[in-house]
Amino acid sequence: MFSNILIWFVVIPLLMLAGLGLCRDVKQVRAVAVAGSTALIARSVKLLVDYLAIRAAGDTAPMLFQGSWTWFAPLNINLAVGVDGISVAMILLSSIILFTGSFASWQVPQPKAFFLWLILLSTGVFGFFISIDLFTMFMFYEVALIPMYLLIGVWGTGRKEYSAMKLTLMLMGGSAFLMLGLIGIYYHSAPAGQPLTWNILEIVNNTIDPAWQRFLFPMTFVGFGVLGAMFPFHTWSPDGHACAPTAVSMLHAGVLMKLGGYGCFRVAIYLMPQAANELAWIFLILTGISVVYGAFSACVQTDLKYINAYSSVSHCGLVLFAILMLNTTAMTGAIMQMLSHGLMTALFFALIGMIYGRTHTRDITKMGGLMRIMPYLCVCYVIAGMASLGLPGLSGFVAEMTIFVGSFQHADMFHRVFTIVACCSIVITAVYILRVVGKLLFGPVYDKHHLELTDATWWERFSTACLIVSVAAIGCFPNFFSNLIKFTFSPEIFKVLGM
């Protein structure tokens, strides 16, 4: 049987799609979007409370709330669901960003069609995070990617057709690698004579042959790494983010890119730990480049969205970098960084969209003195910037410090040198964040027409306030989130890894 608390994360978005299909005006569309996203947040909070209660009672099972329904028996494909601490955290993150994104898109053109595609995307995201069957996980993964083409190509700005096509082609290319890797895992998921399986929990107990692990690990890691903006497969990300509408940028950078990091851990490393231990150094080099290259690239941009997009390349690179360190501390930091970056980049893109909607420009050389014109939005932008550069008390600090402490646990020169290089990204981040704050918010007003602009509306204030509170919560209560995910890293995996 299905676990009711999990299947609702797919049912509610499907009900939202049906409700949107019946809407006749903008107010009804807004009502369905807000009601549905509120229901998802309520379900996420209930899931969190129930999960923590079961863990507190002493249940140390790898996955809780498991349920399964046979979908296609000849290939043993099941719609199997289950969650651990990482899944719960990602579901909560997704629901928060969908909720705040609904308010940030209050005045989007063609709202009915826009929200239909946005909710379809979120259906894929929630389905991906609750799946423990590789086939259904891949199906939901594709459902989450496909709507991006239309959301950017129709509602985007600038070179939207080019960006949408580039994003689609590169992510589909990554999906091809991923599909081949998953098929390979399936055919080596069980000893000879036993039924093959797509179930992650069954595969991890039937160790895949190390020779095949070395072949399949790069395919799956690259497949998911493309979505995680790993160098050199990151080039779709800045163009896609720059042209996407506000809510799409929020959901894309805040949640969709996290599917890459989650998949790299859940599939590539969790199922093939021996290959991960042997080949991690190759991808550490690539992700280390992502961290520094993304930060340096952000320094030379003048478009607010491109600055935040390259910043996302750096921060998501840090997630993959930490996962590849293959120890509990660094991996815990990686998950906290996924949460931190998801919230603060959603806040950034929401604010950029609100500022652009008033000034009709994202070029920082054509703006100035906005602090005295729209103080609320500017103060929120400063808070988001401080979280990005790692100010203590906000989410970025605890996430990055946990990553760097865990990474430095390796005593060999290779790991420590790359850890030091990754640490340098903090300084580079401070450069571009403070540069933008100085040019955008302070100094003389560039355009006299900007003096007539208004500050945030009530729905904009509500959306940004929710994200700021979430960013501060992680920064002030890191132990809560650390304890949430600690049961995910089973001792058996680290025995195989030799840690």
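This section describes the cavities, pocket, cores and selected residues of a predicted model.

Empty space was examined first. Rolling a probe the size of a water molecule over the atoms shows where empty space is left. Four cavities of 30 Å³ or more were counted. The largest cavity holds about 70 Å³ of space. Its lining is made up of Leu304, Ile307, Asn308, Ser311, Phe348, Tyr381, Ser388, Tyr432, Ile433 and Val436. Three helices each give two or more residues to this lining: H14 (304-323), H16 (375-389) and H18 (413-441). Helix H14 supplies the largest share, with four residues. By class, the lining of the largest cavity contains seven nonpolar residues and three polar ones. No charged residue takes part in that lining.

The largest pocket has a volume of about 570 Å³. It is lined by 27 residues, of which Ala104, Gln107, Thr246, Gly353 and Gly357 are the closest to its centre. Two or more lining residues come from each of helix H3 (85-104), helix H11 (246-256), helix H15 (328-359) and helix H19 (458-476). Helix H15 gives the largest share, six residues. The lining of the largest pocket comprises 15 nonpolar, eight polar and four charged residues. Charged side chains are thus represented in the lining of the pocket, whereas the lining of the largest cavity has none.

Packing was considered next. The largest nonpolar core has 178 residues. Within this core, Ile185, Phe217 and Tyr381 touch the most other members. Helix H15 gives the most to the core, with 18 residues. A second, separate core has five residues, among them Val34, Phe99, Phe103 and Trp106.

Tyr381 links the description of the core to that of the cavity. This residue is one of those that line the largest cavity. Beyond its neighbours within four places in sequence, Tyr381 is in contact with Leu304, Phe348, Leu351, Ile352, Ile355, Val436, Val437 and Leu440. Leu304, Phe348 and Val436 also appear in the lining of the largest cavity.

Several individual residues were then examined. Ser95 is located in helix H3. Ser95 counts as buried because its relative accessible area is 0%, and the limit for burial is under 20%. The side chains of Ser95 and Ser44 are joined by a polar contact of 3.0 Å. With neighbours within four places in sequence set aside, the contacts of Ser95 are Leu40, Ile41, Ser44 and Phe126.

His415 belongs to helix H18. At a relative accessible area of 16%, His415 is buried. Leaving out neighbours within four places in sequence, His415 is in contact with Leu284, Met325 and His410.

Val405 lies in helix H17 (residues 395-407). Its relative accessible area is 46%, so Val405 is classed as partly exposed, a class that runs between 20% and 50%. Val405 and Thr419 are 14 residues apart along the chain. Their C-alpha atoms are separated by 9.1 Å.

Backbone geometry was also inspected. The peptide bond that runs from Phe231 to Pro232 is cis, with omega near 0°. Pro232 sits in the loop between helix H9 (210-227) and helix H10 (236-243).

Positive phi values were found in residues other than glycine, including Phe65 and His360. Phi of Phe65 is near 55°. Phe65 is placed in strand E1 (residues 64-67). Its relative accessibility is 18%, and Phe65 therefore counts as buried. Phi of His360 is near 60°. His360 is part of the loop between H15 and H16. With a relative accessibility of 61%, His360 counts as exposed. The two residues thus fall on opposite sides of the accessibility limits: Phe65 is buried, while His360 is exposed.

Definitions and conventions: Residues are numbered from 1 along each chain as its sequence is written. This is a predicted model: local features need pLDDT of at least 70, side-chain atom pairs count only at pLDDT 80 or more; totals for chains, interfaces and linings use all residues. Side-chain values use heavy atoms; hydrogens and water are left out. On a 1 Å grid over the protein atoms alone, a cavity is a set of points where a 1.4 Å probe fits but cannot get out, and a pocket is an open set with protein on both sides within 12 Å along at least five of seven lines; lining residues have an atom within 4 Å of a point. Grid points are joined across faces, edges and corners, and a volume is the space filled by probe spheres set on the points. Ala, Val, Leu, Ile, Met, Phe, Trp, Tyr, Cys and Pro count as nonpolar, Asp, Glu, Lys and Arg as charged, and the others, Gly among them, as polar. Buried means under 20% relative accessible area, exposed over 50%, partly exposed in between (1.4 Å probe, protein chains only). A polar contact is a pair of N or O atoms within 3.5 Å; within protein, one must be able to donate a hydrogen and the other to accept it, and residues adjacent in sequence count only if both atoms are side-chain atoms. Contact means heavy atoms within 4.5 Å. A nonpolar core is a set of buried Ala, Val, Leu, Ile, Met, Phe, Trp, Tyr and Cys residues joined through side-chain atoms within 4.5 Å.
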